[in-house]
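Q: I have a protein to look at and would like to go through it step by step. Could we begin with the overall picture?
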Amino acid sequence: MAAANPAQLLLAELTCSVCLDYFKDPVSLACGHHFCLACITQCWEELSTDFPCPECRETFSQRNFKPNRQLRNIVEASRKLTLELTKEPEVGTVCEKHQRALDDFCQEDQTPICLVCHLSGDHREHTVVPIEEAAEDYKDQIWSRLESLKQESEEILTFKLSGEDKSHELLKQLDIEKQKIVSQFQQLRQFLEEQERLLLAQLEELKKEIENGRAEYLAKLSEELSSFSSLISEMEQKCQLPASEFLQDIKGTLNRCKREKFQNPGAFSSELKWRIWESSQRNASLETIMRTFKDSLSTRQRLDKANVTLDPDTAHPDLILSADRKSVRRGDTWQDLADNPERFDNWTCVLGCEGFTSGRHYWEVEVEGRGVYAVGVARESMSPNAEQGIWAVQGRGDRYWAVTSTEQGTLCTPSRAPRRIRVYLDCEGGWVAFFDAGCGEPIITFPLTSLAGDRIRPLFQAGVSVRLL
């Protein structure tokens, strides 16, 4: 069995066997054992005779113990010493090979070593510094890297917070759009239900008028048939009489046979027929609206975002295009450019490189500044300085208006002047629509008629900075 640690033996002599802690106000019994004053008092608290020693169980007739001041002094003096002596040695503070303190640091091998390791062949040619000096140097390096890591961590946290804010904002916008859709479809249902009640009520009224007209018409015909039946019967009987009787009042008989030809009074008036036709036209209009509505919804689901770029061969000489041909602004001087037949020279306009003859497409434009701008589409075959074949929205500051010399569009009024405009082009449906891309409110819709296979190209007027998104 291994010998006990001297520090542990000393600690055992300074520990109360009751509370297993250092003696506090130690007292001694006649048997020679020592206890804390509070511990022995508690052990004998309920006894009136035969007071046993908690350790050897020797019994005493009286509560008899003496304070042991010498032991108390020894405990106080030895407390710190015994604590230090009983500590376990720190891992890694002693060289495993030579059992000596690790006082040096080898910079080549980047490991702590002892003096014997330093003088031995393994580290004799290496750069060795005191371990405290090496620790300070590496602490400086770690602190330097910690600052960089903290900055990067703060940047990541900023990105996280920004991402959370953006996601909350997008979810909020999505919830608003959801509420709009629910409200709009509720309004649409109410509108359709009202139209259904109105049209059915009109049809019911027409039905009653038709039934009443039919009854009157049939009554007139029945009356005429009865009159004709009576006359025919009378004439047949007249013809059966002898000649002398038959010829009596023959003139009156002939006159009754010559009654006026029956005129059909007509079952239904032209006004009633017109009202039926008018009702059918309302129904046809409703069918057209529903078909257009369905086509519009399906179109929104199949739209392709066009990657529109600007065509420098069509740009007005005052316009300056960016290197990626995604933005254009008006410059201060007239540029000396090639005289291309498709180039604008009266209007500060430029066309997109892309042309569309089929499909459904959209693109977005952002305008900046207070100058005049225009966003729209144009026929590829148009003259560069004529308004024919242009459908656009033109604006300045907080005002905007439609630009076209052909079809009239359906103009709406957004709640604010658009700064981001979304252009929808439906070649199959034959229309182009403009929306405020910021809030989704419609601006204007144009029908595109008589295209005859002509290509449609994006059009931009830049009295300010115009940028494709």
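A: Certainly. Of the 469 residues in the protein, 29% count as buried. Please keep in mind that this is a predicted model.

Q: How many helices and strands are there?
A: The protein has 8 helices and 22 strands.

Q: And what share of the contacts join residues at least 24 apart?
A: Among contacts between residues at least 6 apart in sequence, the share is 58%.

Q: Let us turn to the surface. How much area does the protein expose?
A: The protein exposes about 31600 Å². Carbon and sulfur atoms supply 52% of that area.

Q: Which residues form the negative surface patch?
A: The patch is formed by D103, E132, E133, E136, D137 and D140. One of these residues, D140, lies in helix α5, which covers residues 131–239.

Q: Now S327: where does it lie?
A: S327 is in strand β11, residues 327–330.

Q: Is S327 buried or exposed?
A: S327 counts as buried, because its relative accessibility is 19% and the cut-off for buried is under 20%.

Q: What is S327 in contact with, leaving aside its neighbours within four places in sequence?
A: Its contacts are L310, I320, L321, S322, V466 and R467.

Q: One more residue: where is E96?
A: E96 lies in the loop between α3 (69–86) and β6 (104–106).

Q: Does E96 count as buried or exposed, and why?
A: E96 counts as exposed because its relative accessibility is 77%, and exposed means over 50%.

Q: How far apart are E96 and I113 in space?
A: They are 9.7 Å apart, C-alpha to C-alpha, and 17 residues apart in sequence.

Terms used
Residues are numbered from 1 along each chain as its sequence is written. This is a predicted model: local features need pLDDT of at least 70, side-chain atom pairs count only at pLDDT 80 or more; totals for chains, interfaces and linings use all residues. Side-chain values use heavy atoms; hydrogens and water are left out. Helices (H or I, at least four residues) and strands (E, at least two) are DSSP runs, numbered from the N terminus. Buried means under 20% relative accessible area, exposed over 50%, partly exposed in between (1.4 Å probe, protein chains only). Contact means heavy atoms within 4.5 Å. Accessible areas come from the Shrake-Rupley method with a 1.4 Å probe; for residues, only the protein chains shown count as cover. Patches are made of residues with over 30% relative accessible area and no salt bridge: like charges are joined within 9 Å, nonpolar side chains (Val, Leu, Ile, Met, Phe, Trp, Tyr) within 5 Å. A salt bridge is a side-chain nitrogen of Lys or Arg within 4 Å of a carboxyl oxygen of Asp or Glu. Lys and Arg count as positive and Asp and Glu as negative; His and the chain ends are not counted. The place of a charge is taken as NZ of Lys, CZ of Arg, CG of Asp or CD of Glu.
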